[in-house]
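Welcome, and please open the model in your viewer. We will go from stop to stop, selecting as we go.

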Amino acid sequence: KMNEQISWVFELKVNDGAVNNLKELMKEMVEATLNNEPNTVAYHWSLDKDEKYCHVYECYKNGEAAVSHLETFKSKYAGRMLALGEATKFDVYGVITDDVYAALDGFGANYMSPIGGFVR
C-alpha cells in the first residue's frame, strides 16, 4: 500500500519586531491543531538562532486531513500569519491528490514527488 501521508515545510521570513506575536499565534495554532485535527501526524514550528526565519513542518495522515487543515488555516490564520512575515519557501512532499492541489492553489508551493525511501 502506498503511503498516503502529505507533508510540507513552510518558511516565513519574520518581520522585524514580530517574533513575539508570531510565537503567540503559534501557540494558538498548535493548540487548535492538536485538539481538533486528529489526523495531523506532526506539527512542528522552529526558529533560526537569529529569529528571522520560522519553519513549520507539517505532516498529515492523508490528503483529506491536509485539506481540512488548509481550510481552517485559510479561514482563521493565514491573514494573521502573513501580516507577521513573508512566505519565502513552501516545499510539499508526498503523492499529491487533486483536492490537495486545489487547496494549495495560490500558496506558491513547490511539489516534490517521492522517488524512493520508506515511512515506518
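Which residue in E3 is the bridge partner of Glu-11? Select Glu-11 and look across to E3: the partner is His-55. Keep in mind along the way that this is a predicted model.

**Stop 1: strand E1 and its partners**

Now select strand E1, residues 6-14. Strand E3, residues 53-60, pairs with E1 in the antiparallel sense, over eight bridges. Next, add strand E4, residues 85-93. E1 and E4 are also antiparallel, and eight bridges join them. For a landmark on this pairing, pick Trp-8, which stands opposite Val-92 in E4. Switch on a surface if you like: E1 is mostly covered, with seven of its nine residues buried.

**Stop 2: the nonpolar core**

Keep Trp-8 and Val-92 selected, and add Leu-22, Met-29, Trp-45, Cys-54 and Met-81; these are the residues with the most contacts inside the largest nonpolar core, a set of 30 residues. Elements that each supply at least two residues of this core include E1, helix H1 (19-36), helix H2 (63-82) and helix H3 (98-104). Which element gives the most? Colour H2, which contributes eight residues.

Zoom in on Met-81. Leaving out residues up to four places away in sequence, Met-81 touches Phe-10, Leu-12, Leu-25, Met-29, Trp-45 and Phe-73.

**Stop 3: two threonines in contact**

Move on to Thr-33, in helix H1. Is Thr-33 buried or exposed? Its relative accessible area is 5%, below the 20% cut-off, so Thr-33 counts as buried. Beyond its neighbours within four places in sequence, Thr-33 is in contact with Thr-40, Tyr-43 and His-69.

Follow that contact to Thr-40, in strand E2, which covers residues 40-47. Thr-40 is buried as well, because its relative accessibility is 16%. With neighbours within four places set aside, the contacts of Thr-40 are Thr-33, Cys-59 and Tyr-60. Try a distance label from Thr-40 to Ser-7: they are 33 residues apart in sequence, and their C-alpha atoms are 9.8 Å apart.

**Stop 4: the largest pocket**

Finally, where is the centre of the largest pocket? This pocket has a volume of about 270 Å³. Select Asn-3, Gln-5, Gly-94, Pro-114 and Val-119, the closest to its centre of the 16 residues that line it. Strands E1 and E3 return here, each supplying at least two residues of the lining. Colour the lining by class and you will find 10 nonpolar residues, six polar ones and no charged ones.

How values were computed
Residues numbered from 1 in each chain as written. Predicted model: local features only at pLDDT ≥ 70, side-chain atom pairs only at ≥ 80, totals over all residues. Heavy atoms only, no water. Helix = DSSP H or I, 4+ residues; strand = E, 2+ residues; numbered from the N terminus. Buried < 20%, exposed > 50% of the residue type's maximum accessible area, 1.4 Å probe, protein only. Contact = heavy atoms within 4.5 Å. 1 Å grid on protein atoms, 1.4 Å probe; cavity = no way out; pocket = protein on both sides within 12 Å on 5 of 7 lines; lining within 4 Å. Points joined across faces, edges and corners; volume = space filled by probe spheres on them. Nonpolar A, V, L, I, M, F, W, Y, C, P; charged D, E, K, R; others polar. Core = buried A, V, L, I, M, F, W, Y, C linked by side-chain atoms within 4.5 Å. Pairing = 2+ DSSP bridges.
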